[in-house]
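Here are my notes on the model you sent over. Have the structure open while you go through them.

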Amino acid sequence: MNTPPWVAMLAQWPGATWLQSSSTAYLFVNAAHILGIGLVLGAILPLDLRLIAGRGGEPLRVLAPWLSRVGAVGVLLAILTGAWLYTVRPVDYLHNAAFLYKLALLALALLNVAWQHTGTGMQAVYAGRSVPTAVRVRAAISLCAWLSALVAGRWIGFL
């Protein structure tokens, strides 16, 4: 597989060279990445499980918007810090099958989030009504996609 020249140039970006030369900087960016992942999983998995169970009502009406926002903050933090960590060894990561699987799974998870939140089903949940079947299905897809992305991310270091 040919590597585009711009990929190798990412390793020369000042932020990348800083992480390459400072184990402390790398530690903190990596910790922020893990925090982002924790926020995503800590917010989205309980929400998905609750949606799959199909129980609407007041608690879900209150929790769903809040957990969605916490999950969104986690996604943003994880993507920003993950992109930064990628610049440390961009060529290696581009040729790592687990990394590519992780990107595909993240794309699936994010597309599913967009699908879930642009449909009318979540509006019903936010209004305190019962959880539609389509929302349950997308919650199950979400659960599987986020957990699979987590496993793929851990797998990167083993290839």
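The points below go from the overall fold to the rings, the charges and the surface.

1. First, a caution: this is a predicted model. Everything below is computed from it, so please read the distances and angles in that light.

2. The overall picture is all helix: there are eight helices and zero strands. Reading from the N terminus, the order is simply α-α-α-α-α-α-α-α. The C-alpha trace spans about 55 × 35 × 25 Å along its principal axes.

3. How much of the chain is buried? Of the 159 residues, 36% count as buried. The protein exposes about 8,900 Å², and carbon and sulfur atoms supply 71% of that area. As for contacts, take those between residues at least 6 apart in sequence: 78% of them join residues at least 24 apart.

4. Now the aromatics. The structure holds six aromatic pairs. One of them is Trp13 with Trp84, with ring centres 6.0 Å apart and planes at 70°. An angle over 60 degrees counts as edge-to-face, so that is the label for this pair. The two partners come from distant parts of the chain, 71 residues apart: Trp13 sits in the loop between α1 (5-10) and α2 (14-21), while Trp84 belongs to helix α4 (residues 58-86).

5. Are these two rings buried or exposed? Neither label fits, because the range between under 20% and over 50% counts as partly exposed. Trp13 has a relative accessible area of 41%, and Trp84 has 24%. Trp18 belongs in this picture too, since ring pairs link Trp13, Trp18 and Trp84 into a cluster.

6. A second pair to look at is Tyr101 with Trp155, which is stacked: 5.7 Å centre to centre, with 10° between the planes. Tyr101 lies in helix α6 (residues 97-118) and Trp155 in helix α8, so this pair ties together parts 54 residues apart in sequence. Both rings fall in the partly exposed class, Tyr101 at 49% relative accessibility and Trp155 at 35%.

7. Those two residues turn up again on the surface. Along with Phe158 and Leu159, Tyr101 and Trp155 form a nonpolar patch there, and the four have about 500 Å² of accessible area together. Leu159 is placed in the segment after α8 (133-155). Why does Leu159 count as exposed? Its relative accessible area is 56%, and the cut-off is over 50%.

8. On charges, how many salt bridges should you look for? There is one. The side chains of Arg89 and Asp92 meet in it, at 3.1 Å from N to O. Both ends are partly exposed: Arg89 has 42% relative accessibility, and Asp92 has 44%.

9. Arg89 deserves a second look, as its charged end also sits over the ring of Tyr93, 5.0 Å from the ring centre. So Arg89 appears both in the salt bridge with Asp92 and over the Tyr93 ring. Elsewhere, Arg138 has its charged end over the ring of Trp115, 4.9 Å from the centre.

Methods
Residues numbered from 1 in each chain as written. Predicted model: local features only at pLDDT ≥ 70, side-chain atom pairs only at ≥ 80, totals over all residues. Heavy atoms only, no water. Patch = residues over 30% accessible without salt bridge, like charges linked within 9 Å, V, L, I, M, F, W, Y side chains within 5 Å. Areas by Shrake-Rupley, 256 points an atom, 1.4 Å probe, with all protein chains shown as cover. Helix = DSSP H or I, 4+ residues; strand = E, 2+ residues; numbered from the N terminus. Buried < 20%, exposed > 50% of the residue type's maximum accessible area, 1.4 Å probe, protein only. Phe/Tyr/Trp six-rings, centres within 6.5 Å; stacked < 30°, edge-to-face > 60°. Lys NZ or Arg CZ within 6 Å of the ring centre and 35° of its normal. Contact = heavy atoms within 4.5 Å.
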